[in-house]
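Trainee: Could we go through the labels on this one together? I'd like to see what backs each of them up.

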Amino acid sequence: MKKMFVSGFLLSLFMVSCSSVKPTKYMEAISAADLKTNLYVIAGDEMEGRNTGEPGQKKAGKYLIAQYEKIGVSYPKGATDFYQKVPAEFMSRAFSPKLNDSENIWAFIEGSEKPDEILIISAHYDHVGMKNGQVFNGADDDGSGTVALLEIAKAFMLAKKDGHGPKRSILFLHVTGEEHGLHGSRYYVEHPLFPLKNTIADLNIDMIGRRDDKHKDNGNYVYLIGSDRLSTDLHKISENANSEYTKLLLDYKYNDRNDPERIYYRSDHYNFAKNGIPSLFYFNGVHEDYHKATDTPDKIEYDLLQKRAQLVFVTAWELANRKERPVIDRDGK
C-alpha cells in the first residue's frame, strides 16, 4: 500500500510538472545568428527574387526542405513529400502575369495528445523576382517570416526531444503566390490536407524584420492584426503570452475596422479567417524599401526579428498545449 501511494504520488507530480512546462528554454533557442544565416541564403541574389514558380523560388524551397530535414522535422502525415503542388491555372488572373506551376511547402510536428487538432503557422516564401536586371531580394517581405518558421520549428523540436512536444499538431506552411493574389493560402484552404474544422488557428508572419517610421525610435513592437476578429480567446492568449515572455509593444493600428490600407485583407491569414479559422497576422509595418530592390538582408534588425519570432513561438506554445482550442465567439468582421 505504501509503495503504491508513493508511486502514485510521484506520478501525479510528474504529470503536474509536464503540464506546467514553460517555453522559456525553447524560446531562447530561437537565434538571431541562425535567422541571419538562413535569411542571407533565402534572400540572396542567387534566389533571383523568388518569383512564383520560377527557378529561384524552387531553389529557395529546396533550401527550406533541407533545413527541416536537418532539424528532424518531416512532411505531414497523409502527404507524400514536402510539396503541395499549386497549378498555374489555379493562379491565373485576368490582366496579371502568367505564372508557372508552383508549390506550397509544408512541414509537420504531430501532437502527442490531440494529433487531429491542427495549429497552422504560415508565411509566404515567394517575392516579386527580378526587374530590369535587378534582384528584388524580399529580405523583409517575406524572407523574415520564412526563416522565422524554421526557427520556431527548431524550438518545438528541441522541446519534443526533451519530452515536451506539442499536444496538438503543428503544420508549418510556407505558401506560394502571395504577391500575386494570396494564391498559395487560397489553394490550401480549398484543398486542405487536414479538415478545416480541425484547424484551431493560423498564426501568419509577413514582414517582421524591420521597423516603420512610426516606431523609428523604438523597434520593440509588432503590429497584430485580426486576433480578435473571430476569437476573443485568441486575442487574450496572444496578449498573455507577450506579457509573460516577450514584452513587446503590441500595436493594433492596422486592426482598426476602418483602416484605410485594409492590411487585414492583404496577407495569407485572411484566407483562413474568411473560412472561420481564428487568425493572427504579425507585421512590422511598411518601410522605405517595401517592394524595392533595396529590401536586402543587411537591413534586417536581427534582434527584433528574433524577439518577434519568439512571440509567435510562445503564442503557438500556448495554443498547442492548452486544454481547449480557441472559442469562436465573434463574426470575423
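**Labels and their reasons**

Mentor: Sure, and keep in mind that this is a predicted model. Start with Gly 111, which is buried at a relative accessible area of 8%.

Trainee: Why is Gly 111 called buried?

Mentor: Buried means under 20% relative accessible area, and Gly 111 has 8%, so the label fits. Gly 111 sits in the loop between β2 (102–109) and β3 (114–124). Beyond its neighbours within four places in sequence, Gly 111 is in contact with Pro 166, Lys 167, Arg 168 and Ser 169.

Trainee: And His 174, buried or exposed?

Mentor: Buried: its relative accessibility is 0%, and the cut-off is under 20%. His 174 belongs to strand β6 (residues 168–175). Leaving out residues up to four places away in sequence, His 174 touches several residues, among them Leu 64, Tyr 68, Thr 146 and Leu 149.

Trainee: What makes the His 174 and Tyr 68 pair a polar contact?

Mentor: Their side chains come to 2.7 Å, and the limit for such an N or O pair is within 3.5 Å, so it counts.

Trainee: How do you know that α4 and α5 are roughly parallel?

Mentor: The axes of α4 (residues 55–71) and α5 (residues 139–161) cross at roughly 15° and come within 10 Å. Angles under 35 degrees count as roughly parallel, so α4 and α5 get that label. Their crossing is right-handed.

Trainee: Which residues of α4 meet α5?

Mentor: Leu 64, Gln 67, Tyr 68 and Ile 71 do, against α5 residues including Thr 146, Leu 149 and Met 157. The residues of that contact split into seven nonpolar, two polar and two charged.

Conventions:
Residues are numbered from 1 along each chain as its sequence is written. This is a predicted model: local features need pLDDT of at least 70, side-chain atom pairs count only at pLDDT 80 or more; totals for chains, interfaces and linings use all residues. Side-chain values use heavy atoms; hydrogens and water are left out. Helices (H or I, at least four residues) and strands (E, at least two) are DSSP runs, numbered from the N terminus. Buried means under 20% relative accessible area, exposed over 50%, partly exposed in between (1.4 Å probe, protein chains only). Contact means heavy atoms within 4.5 Å. A polar contact is a pair of N or O atoms within 3.5 Å; within protein, one must be able to donate a hydrogen and the other to accept it, and residues adjacent in sequence count only if both atoms are side-chain atoms. Axes are lines fitted to C-alpha atoms, for helices over the stretch in contact, and angles run from 0 to 180 degrees between N-to-C directions. Angles under 35 degrees count as roughly parallel, over 145 as roughly antiparallel, 65 to 115 as roughly perpendicular and the rest as oblique. A crossing is left-handed if the near helix is turned anticlockwise from the far one by less than a right angle, and right-handed if clockwise. Ala, Val, Leu, Ile, Met, Phe, Trp, Tyr, Cys and Pro count as nonpolar, Asp, Glu, Lys and Arg as charged, and the others, Gly among them, as polar.
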